[in-house]
Amino acid sequence: MDIGFIGLGKMGKAIAGRLVTAGHKVRVWNRSPEPVQELVAKGAEAAARPADAARADFLVTMLANDAAVRAVVIDQGVLEAATPGLIHLNLATVSVALAEELAEAHAERNLSYVAAPVFGRPDAAAEGRLNIVVAGDPAAIERAQPVLSVIGQKTWPIGDRAERANAVKIAGNFMIASAIETMAEAVALTRAHGIGAADFLNILTSTLFAAPVYKLYGAMIAAEKYQPAGFEAALGLKDIRLALAAADVHNVPLPFASILRDNYMELLATGGAEKDWSALGQLAARRAGLDRRG
C-alpha cells in the first residue's frame with residue numbers, strides 16, 4: 001500500500017518503522033530531519049513537504065497536539081493536495097472539538113477521516129502491540145484494517161462519529177493518570193512509615209491491582225526512573241486539559257481531573273516537563289518531604 005506518514009516523534013517513528021518493515025511504500029515527513037533520515041535508511045521515502053505525504057492511498061498522522069495538527073495538516077494545504085479517495089488515519093490524541101472539525105473538513109473534500117487514537121507506549125508501538133480505538137465511516141475503517149493490523153494488536157470500533165474515538169482516548173488517559181496519582185500518594189504514605197516502595201507495590205500489583213497500568217507505572221515509581229520518558233509529563237497535562245474541555249461541553253463534573261491538572265502544572269513548573277508522566281511519584285514524595293529523608 002502507498003502510505004504517507006506525518007509526525008515522527010517517539011510513537012510516530014516506531015509506528016512508521018513497523019509499516020516500512022511490513023513492506024509498504026511509506027513516504028514520511030517530520031519537522032526535524034533526523035527521524036526522517038533514520039526511516040529512509042530502512043526503506044522509507046522522504047517527503048519534501050507535508051502535502052507530499054498526502055499523495056497516497058492512506059495518510060497516517062501522529063502529531064503532538066491540536067496546534068501541531070492545525071499547523072501541519074490544515075495550514076500547509078495537506079487536504080487540498082490529497083489524492084482523491086484518500087483515507088486519513090489520525091492516531092494522535094486531539095480534542096473532541098478538533099476531531100469534529102477535521103471530520104467535516106475531510107467530508108467537504110470527499111476524503112475519509114478516521115480517528116484512530118492508540119493506547120500503548122513506544123515499545124508497544126515498535127512491536128505492533130498497540131490497541132487502536134477507531135471511529136468514522138465503517139467502509140473506510142474496513143479498507144484501513146490492513147494498515148491498522150500492522151501497527152496494533154486489536155482495533156476497537158466505537159461508531160461512525162470520529163470524535164467518539166477521541167472521547168474514549170481522553171477518558172482512558174484520564175484513568176491512567178488517576179492510577180499514577182493514586183500510586184504516587186500511596187507510596188508516599190507507606191514510605192513515610194518505613195516501607196519500601198518496591199515492597200508495597202509488589203504486594204498490591206500482584207494482588208488487588210494486577211493490571212498492566214499498575215504494574216508498568218508502579219515499577220517506574222518504585223525505581224524512581226522517570227527518564228527517558230515514554231510519555232512526557234507535558235503531554236499528560238495536555239491530555240488532562242483535553243478531558244476537562246470535553247467535560248465542559250456536556251457539563252460533566254471531573255473534580256479529580258482538576259487536581260491532576262494542578263499537579264501536572266506543579267511538576268512542569270519545577271522542571272519535570274520532559275520527565276515521564278509517572279513522575280507524579282516524585283512530586284508526591286517531594287511534598288511529603290521524602291526526598292530529604294533519602
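Reader: How many helices and strands does the secondary structure of the protein come to?

Author: This is a predicted model, in which local features need pLDDT of at least 70, side-chain atom pairs count only at pLDDT 80 or more, and totals for chains, interfaces and linings use all residues. Residues are numbered from 1 along each chain as its sequence is written, and side-chain values use heavy atoms, without hydrogens and water. Helices (H or I, at least four residues) and strands (E, at least two) are DSSP runs numbered from the N terminus. On that basis the protein has 14 helices and 9 strands.

Reader: What radius of gyration does the protein have, given its 294 residues?

Author: The radius is taken over C-alpha atoms, and the globule rule is 2.2 Å times the number of residues to the power 0.38. A compact globule of 294 residues would therefore come near 19 Å, and the protein agrees with this at 20 Å.

Reader: What share of the residues counts as buried?

Author: Buried means under 20% relative accessible area, with a 1.4 Å probe and protein chains only. Among the 294 residues, the buried share is 51%.

Reader: Which strands stand at the edges of the open sheet E7-E8-E9?

Author: Two strands pair if DSSP finds at least two bridges between them, and the pairing in this sheet is mixed. Strand E8 (residues 130-134) runs antiparallel to E7, to which 2 bridges join it. A single partner strand leaves one side of an edge strand without a neighbour in the sheet, so the edges are E7 (118-119) and E9 (152-157).

Reader: Which residue in E8 stands opposite Val118?

Author: E7 covers residues 118-119, and its partner E8 covers residues 130-134. Opposite Val118 in E8 stands Ile132.

Conventions. Buried < 20%, exposed > 50% of the residue type's maximum accessible area, 1.4 Å probe, protein only.
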